[in-house]
Amino acid sequence: MAPGALEQLLRGLAPRGSSDLEQRVIAGRARNEDAVVVRMPAGKAIVQTVDILAPIVNDAFWFGRIAACNALSDVYALGGQPWCAMNVAFFPTCLTENDPENILANILRGGMDALEEAGAVLAGGHTVQDDELKYGMAVTGIIDPEHVAANDKLRPGLRLLLTKPLGTGILATGVKARWDDHEESEALLQRWCGRLNRIPGEAIARFRIPAATDITGFGLGGHLLEMAQASGVCVSLQTEALPLLPHALEYARMGLIPAGSHLNRTHCAPAVDVAPSVDEAVESIVFDAQTSGGIVLAVPGDEMPTVRDWLEARGEMAVEIGEVLEARSDGKHLLLR
């Protein structure tokens, strides 16, 4: 993209009424520096992550917001707070030379919308001309170094809360295929994938929740299996309790399952014990590759009512979906019941 065109595109991305955020940046884009310098609070550790997506919805603004929420989620899942971020954008030539619908500007505005809601500052970014449109963010967060909700901290007796429904990968496939109810499916993706995991992240810090994970590309089953193996325990999921997006089960029974979800299920199969009563379509949804999914919080049993009520009072979904058990001798770390 020509420098002048890029400058024009970025002109509208200045933070709105957020001088406190701008003060975090000591040097950066405003003076065309080669890199950005950001103030960090004393006594905090840094969380860093990067995530990039191809579009899962047709609306450019919502694609940008969903991609940003997806990137920010990794910080929240550890109990951190997003502090600053940089755009990472891959734009095809057909859009950089002729974009009458302002697709690129709307994608960036969607990302900025999520970033401002998160209370983080946009510190710059990088654009690349590519054959396929992709967008995401490199995010830096801050966290209390004395409390990080890590993958290896599951312990027997902890119970599991999930904060968003499952099935976004399946619905996104239906949207791309213009399947029955694809417009409703796109609206559901905007609602749930475009929702920040900020409040579950605050719950991790507030209640000192020992372990958590956000549900993204490996699906609920894949991410829980990673945690169970890292912690040397077994996780039991109650599949009938799982919250599912409308149409997800219907689509799964029709075979409308993305390739990545099939790969997740196949890869995890040796470490998974599935009860005969479990619906095969539900099993597929357990391993459905999610975009900007919810967070699973591992909560001590006696604190479950308090944490659940706190989340629900702030408008969050909080569904108990399973528990952590002692390790099994057969090498199975995930039970679907």
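**Packing around Gly221 and the overall fold**

Leaving aside residues up to four places away in sequence, Gly221 touches Val286, Phe287 and Leu334. In this predicted model, Gly221 is part of helix H9, which spans residues 219-231, and Gly221 is buried, its relative accessible area being 0%. The contact with Phe287 joins positions that are 66 residues apart along the chain, and the C-alpha atoms of Gly221 and Phe287 are separated by 5.2 Å.

At the level of the whole chain, the model contains 13 helices and 13 strands. Its radius of gyration is 20 Å, close to the 20 Å that the globule rule gives for 337 residues, so the protein chain is as compact as a globular protein of that length. Taken along the principal axes, the box filled by the C-alpha atoms is roughly 60 × 50 × 35 Å. Of the contacts with a separation of 6 or more, 87% are accounted for by residues 24 or more positions apart, and buried residues make up 52% of the 337 residues. The accessible surface comes to about 14,800 Å², of which 49% belongs to carbon and sulfur atoms. With regard to charge, the chain carries 28 positive and 44 negative charges, and the mean positions of these two sets are 5 Å apart.

The interior is described in terms of nonpolar cores. The largest nonpolar core has 96 residues, and those with the most contacts inside it are Leu154, Leu220, Leu297 and Leu311. Helix H3, covering residues 60-77, gives the most to this core, with 11 residues. A second, separate core comprises six residues, among them Trp83, Val121, Ala123 and Ile142. Returning to the largest core, Leu220 touches Leu166, Ile215, Leu237, Leu242, Val286, Asp288, Val296 and Ile321 when residues up to four places away in sequence are not counted. Val286 is thus listed among the residues touched by Leu220 and also among those touched by Gly221.

A further buried element is helix H6 (residues 168-176), in which seven of the nine residues are buried, so that the helix is largely enclosed by the rest of the structure. The buried positions in H6 are Thr168, Gly169, Ile170, Leu171, Ala172, Gly174 and Val175. The cover over these buried residues includes helix H7 (182-193), helix H10 (248-253) and helix H12 (280-286).

Positive phi values occur in the segments that follow or join some of these elements. H6 is followed by Arg178, for which phi is positive, near 55°. Asp181, placed in the loop between H6 and H7, has a positive phi of about 65° although it is not a glycine, and Asp181 is partly exposed, with a relative accessible area of 37%. Ser292, which is likewise not a glycine, has a positive phi of about 50° and is found in the loop between H12 and strand S11 (295-300). Whereas Asp181 is partly exposed, Ser292 is buried, with a relative accessible area of 2%.

Conventions
Residues numbered from 1 in each chain as written. Predicted model: local features only at pLDDT ≥ 70, side-chain atom pairs only at ≥ 80, totals over all residues. Heavy atoms only, no water. Helix = DSSP H or I, 4+ residues; strand = E, 2+ residues; numbered from the N terminus. Rg over C-alpha atoms; globule rule 2.2 N^0.38 Å. Buried < 20%, exposed > 50% of the residue type's maximum accessible area, 1.4 Å probe, protein only. Contact = heavy atoms within 4.5 Å. Areas by Shrake-Rupley, 256 points an atom, 1.4 Å probe, with all protein chains shown as cover. Lys, Arg positive; Asp, Glu negative; His and termini not counted. Charge placed at Lys NZ, Arg CZ, Asp CG, Glu CD. Core = buried A, V, L, I, M, F, W, Y, C linked by side-chain atoms within 4.5 Å.
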